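The exercises below concern helix packing and the overall fold, and each solution proceeds step by step. Please look through the sequence and the structure before reading on.

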Amino acid sequence: MPVSCKCLGRFLVLLLSTAVVVHAQDLASFEKRITVKVLPNGLTLIVCERPEAPVFSFYTSVDAGDANDPGGQSGLAHMFEHLAFKGTKDIGTTNYPAEKVALDKVEKAYAAYDLEYRKRVGRDEAKIKELKAAFDAAVKDAEQYVIPNQFTEIAEANGAVGVNASTSLDTTQYFWSMPANRFELWAYMESDRIANPVPREFYKERDVVMEERRMRVDSSPIGKLVEQFLAAAYVAHPYHRPNVGWESELSQINATEAAAFHAKYYVPSNIVVAVAGDLKTAEVMPVLEKYFGPIPAGPPPEAMATIEPPQVAEKTIVLKQRTQPLYLEGYHKPDYRDPDDAVYDAITDIFSNGRTSRLYRSLVRDQQIAAQVEGFSGFPGDKYPGLFVFFAVPLPGHTPEQMRDSIHKEIDKLKTADVTDDELRMFKTRSRADLLRGLGDNEGLATQLAVYQQRYGDWRELFRQLDKIDKVSKADIRRVANKIFIDTNRTIGIVQTQQATNGTQTSNGGAE
């Protein structure tokens with residue numbers, strides 16, 4: 001009987017403690033549990049056999065996020081993620097041919113309304129009202145064919161749990177777990193929504209996303225700070241725009257634009273699908289080929305052309321809000337393929353991992369000036385050059401400026417003196433433990449296999465990370481700290497407590 005992916009834990013323990021020859025032998029044994037196949041249309045499939053319980057998890061990764069939104073259409077990738085749960089030509093409709101006609105009328109009505117609405121000169125308000133009424137009538141007519149939430153309900157009725165998706169600036173991903181005897185149903189549903197999505201209820205869902213923006217950004221001091229901070233930190237690269245989209249653009253994207261985004265980025269060559277669980281590759285691979293193979297191929301999307309120019313001057317933004325003060329600063333750094341990527345992970349760990357970390361001990365425990373403080377790499381993404389960011393929430397009576405000065409003292413220590421043996425050892429130990437925990441279940445396995453296959457073209461890079469972590473030295477940490485933590489590479493964002501409406505100044509300190 002084949003050894004299950006339960007051997008992963010044993011393999012990693014051996015990997016950390018044995019010689020290279022044994023390491024290679026164990027890796028070869030583990031590789032027998034993993035099968036990778038690239039279909040003729042370009043879609044990559046990964047199967048991991050892990051027969052511990054009669055269930056499986058999947059993770060579909062689309063190599064496109066909101067950084068790929070076309071100009072003037074920010075938030076479109078996130079919007080399409082929502083549409084992926086609205087069903088297909090077969091799911092979510094009572095009569096797709098009739099619905100298709102109705103949806104075409106919706107788009108024509110919206111295009112006419114939107115054309116008049118966007119006029120900056122000579123806009124006819126009476127005509128806008130008339131066109132809006134025609135658009136609303138078309139939407140209502142299309143709604144008669146909709147079976148609300150049918151896609152999700154079918155999945156959950158067949159035992160699916162954790163039905164969800166997410167969109168970052170870098171990628172879009174879909175995932176859930178399900179009984180293994182429903183594998184073919186899942187393969188049909190997942191392939192169908194990749195190949196045949198229908199933008200039904202698009203404008204209703206756009207209102208939902210608009211409400212998300214109001215909650216996450218417009219009504220959130222932290223959300224406002226982050227949005228303005230990134231807009232200042234990036235002058236050219238799409239990382240300067242919010243994941244949820246700018247309000248003016250989000251409010252006007254349409255279903256035709258969503259269909260164009262899907263046609264460009266949801267091509268098989270841009271997608272990796274990983275499954276892990278109680279599956280036999282010989283049995284499930286034909287099923288995967290049956291459903292994912294017919295998805296039409298398309299040209300791979302062109303690579304991102306925009307490169308953020310080097311920052312040459314410190315930037316500072318200050319928001320005045322009737323809320324607690326906040327502090328945020330960031331430094332430009334390379335993307336995840338940089339040879340020093342593991343060094344940035346080490347700096348993150350030393351600065352911010354738990355109550356023994358430097359920032360916690362200094363600002364929270366010893367000085368007692370901050371309620372929360374951390375520094376971390378890869379914000380707002382790491383597919384492209386991102387930021388190493390520091391974030392702090394002052395305690396009552398303390399200011400963002402105190403956060404800045406104390407954080408800079410800790411940065412200077414990292415630049416001028418080696419970290420301790422214990423700090424370096426704990427970083428490496430925790431990194432190994434985190435990797436083990438992340439691969440301890442079907443969901444974690446499917447996720448990591450898909451992510452590393454898509455990023456590096458080889459899931460084995462997941463395990464090579466341990467070698468890179470082991471090679472991080474004290475000298476590496478000092479060198480990288482001195483390279484990026486410089487004032488001309490720094491952007492600062494501050495929330496200052498706004499004056500009260502009666503004209504008196506409220507406290508600059510943190511909230512109670």
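**Exercise 1.** Determine how the axes of helix H3 and helix H11 are arranged, and which residues meet.

*Solution.* In this predicted model, local features need pLDDT (the predictor's confidence in each residue, from 0 to 100) of at least 70, side-chain atom pairs count only at pLDDT 80 or more, and totals for chains, interfaces and linings use all residues. Residues are numbered from 1 along each chain as its sequence is written, and side-chain values use heavy atoms, with hydrogens and water left out.

Step 1: the axes (lines fitted to C-alpha atoms over the stretch in contact, with angles from 0 to 180 degrees between N-to-C directions) of H3, residues 76-83, and H11, residues 255-265, come within 10 Å and cross at roughly 90°. The two helices are therefore roughly perpendicular, a label covering 65 to 115 degrees.

Step 2: with contact meaning heavy atoms within 4.5 Å, Leu76, Ala77, Phe80 and Leu83 of H3 meet Glu257, Ala258, Phe261 and His262 of H11.

**Exercise 2.** Describe the overall fold of the protein, and state where pLDDT stays under 50.

*Solution.* Step 1: the protein has 19 helices (DSSP runs of H or I, at least four residues) and 11 strands (E, at least two), numbered from the N terminus.

Step 2: of its 512 residues, 52% are buried, that is, under 20% relative accessible area with a 1.4 Å probe and protein chains only.

Step 3: the average pLDDT is 91, and 92% of the residues score at least 70, but over residues 1-26 pLDDT stays under 50.

How values were computed: Parallel < 35°, antiparallel > 145°, perpendicular 65-115°, else oblique. Buried < 20%, exposed > 50% of the residue type's maximum accessible area, 1.4 Å probe, protein only.
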